[in-house]
Amino acid sequence: MRETFRPDRDCDVYAWVNGWEKPLGYFLEHARRWAWQRVSEHFGQHDYEQHKRLRRKNRILASTLGGAINRKLIKIRRQSGNHIYIDNIQNLIGKYIPDQVMRSTFRDVDIRVLADAVSGRDISYGNVKILRAFVSGVLREASSIFGPLGHKLDSFQRRCARNLDARTAPPYPQILNISPADYQRFFEILAQDSNWRQSLAIHLYFATGARLQSVLRARWSDFIDGIWYPFLPEERKLWFESKERLDNQALAVLSDIQRRHRVEGLSSIYLFPSLIDVSRPIRTIQRHWARHSGTMGWRDLPMKRPGFSGGHPV
């Protein structure tokens with residue numbers, strides 16, 4: 001069967017580009033696409049656009065996770081030149097993600113194994129946040145090219161969140177054989193202390209999974225619509241990937257901090273500004289913690305001891 005391509009009939013942009021003024025060579029790619037489409041229709045195959053989607057899908061699914069990670073690292077190196085961050089990521093990946101997972105393609109990678117490797121109990125909370133953010137970025141870029149990979153990204157994030165939530169059970173007071181009533185009384189005593197900066201910093205520390213330094217240096221700009229992006233300044237590049245959703249307890253603490261700022265007429269960018277210079281945050285809460293924990297009979301109990309991160313057992 002012989003067919004002929006006619007630009008004025010078979011090219012949908014002919015009139016729009018003033019096709020009558022164009023040489024035939026201008027329509028070469030259109031002619032090839034038209035020919036591919038006509039042949040496919042005669043053989044009952046996919047149309048041209050579907051064919052492109054299938055090729056793209058197969059190319060992405062055949063890519064290895066390790067290859068995608070390396071490409072993202074090269075991209076970051078070119079865009080920011082942040083060698084410290086890149087070295088940190090490479091060390092974490094080499095230490096925690098098994099070679100077998102790195103060699104897996106997007107088609108057959110086991111998301112549960114990947115998520116467990118990234119958010120295992122032997123990884124500190126801060127390193128989990130960095131690794132989870134980076135791997136999420138790799139999966140997100142792949143899913144933007146081939147949409148159905150989005151479900152793997154969702155599964156990865158849910159699994160990581162579940163693993164992190166599991167670290168909080170049993171709760172910190174139970175580990176120390178402290179009753180819930182004593183736990184609540186401790187925070188009530190803190191709330192009555194005139195040094196509200198240190199008291200509420202301690203409360204926010206235990207109400208979230210953030211690191212202590214992130215709590216002390218928290219800024220109002222870090223909180224958006226009930227979500228906290230608890231990263232230090234050098235970690236802000238991770239904002240687009242990871243976040244800390246505040247529960248009711250943490251939101252109540254945040255509301256109390258806002259009230260204290262209004263009462264004292266403070267205009268500081270920090271949640272816990274220094275008494276001497278509101279343009280700087282407070283630096284430590286250890287003496288405050290020691291005094292009040294001693295009152296409760298928890299003398300010499302450190303806020304952060306081996307096996308604990310961000311106030312939660314790991």
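V109 counts as buried in this predicted model, because its relative accessibility is 7% and the cut-off for a buried residue is under 20%. The residue sits in the loop that links α6 (99–103) and α7 (111–118). The points below first follow V109, then turn to a second buried residue, R260, then to the packing of helix α4 against helix α5, and finally to the protein as a whole.

**V109 and its surroundings**

- When residues up to four places away in sequence are left aside, V109 touches V101, S104 and K152.
- One of these contacts, K152, lies 43 residues from V109 in sequence, while the C-alpha atoms of V109 and K152 are 9.3 Å apart in space.

**R260 in helix α14**

- R260 belongs to helix α14, which covers residues 248–264.
- With a relative accessibility of 16%, R260 counts as buried, because this value falls under the 20% limit used for that word.
- Leaving out residues up to four places away in sequence, R260 is in contact with A191, W196 and L200.

**How α4 and α5 pack**

- Two packed helices can be described by the angle between their axes together with the distance between those axes.
- For helix α4 (residues 65–79) and helix α5 (residues 83–96), the angle is about 165 degrees and the axes are 10 Å apart.
- The helix α4 is therefore roughly antiparallel to α5, since angles over 145 degrees are given that description.
- Where the two helices pass one another, α4 crosses α5 in a right-handed sense.
- On the α4 side, the residues that take part in the contact are I69, L73, I76 and R77, and on the α5 side they are H83, Y85, I86, I89, Q90 and I93.
- Sorted by class, the residues in this contact between α4 and α5 are seven nonpolar, two polar and one charged.

**The protein as a whole**

- The protein contains 15 helices and five strands, and 45% of its 314 residues count as buried.
- Among the contacts in the protein with a separation of 6 or more, 63% come from residues that are 24 or more positions apart.
- The accessible surface of the protein amounts to about 18100 Å², and carbon and sulfur atoms account for 50% of that surface.

Methods
Residues are numbered from 1 along each chain as its sequence is written. This is a predicted model: local features need pLDDT of at least 70, side-chain atom pairs count only at pLDDT 80 or more; totals for chains, interfaces and linings use all residues. Side-chain values use heavy atoms; hydrogens and water are left out. Axes are lines fitted to C-alpha atoms, for helices over the stretch in contact, and angles run from 0 to 180 degrees between N-to-C directions. Helices (H or I, at least four residues) and strands (E, at least two) are DSSP runs, numbered from the N terminus. Angles under 35 degrees count as roughly parallel, over 145 as roughly antiparallel, 65 to 115 as roughly perpendicular and the rest as oblique. A crossing is left-handed if the near helix is turned anticlockwise from the far one by less than a right angle, and right-handed if clockwise. Contact means heavy atoms within 4.5 Å. Ala, Val, Leu, Ile, Met, Phe, Trp, Tyr, Cys and Pro count as nonpolar, Asp, Glu, Lys and Arg as charged, and the others, Gly among them, as polar. Buried means under 20% relative accessible area, exposed over 50%, partly exposed in between (1.4 Å probe, protein chains only). Accessible areas come from the Shrake-Rupley method with a 1.4 Å probe; for residues, only the protein chains shown count as cover.
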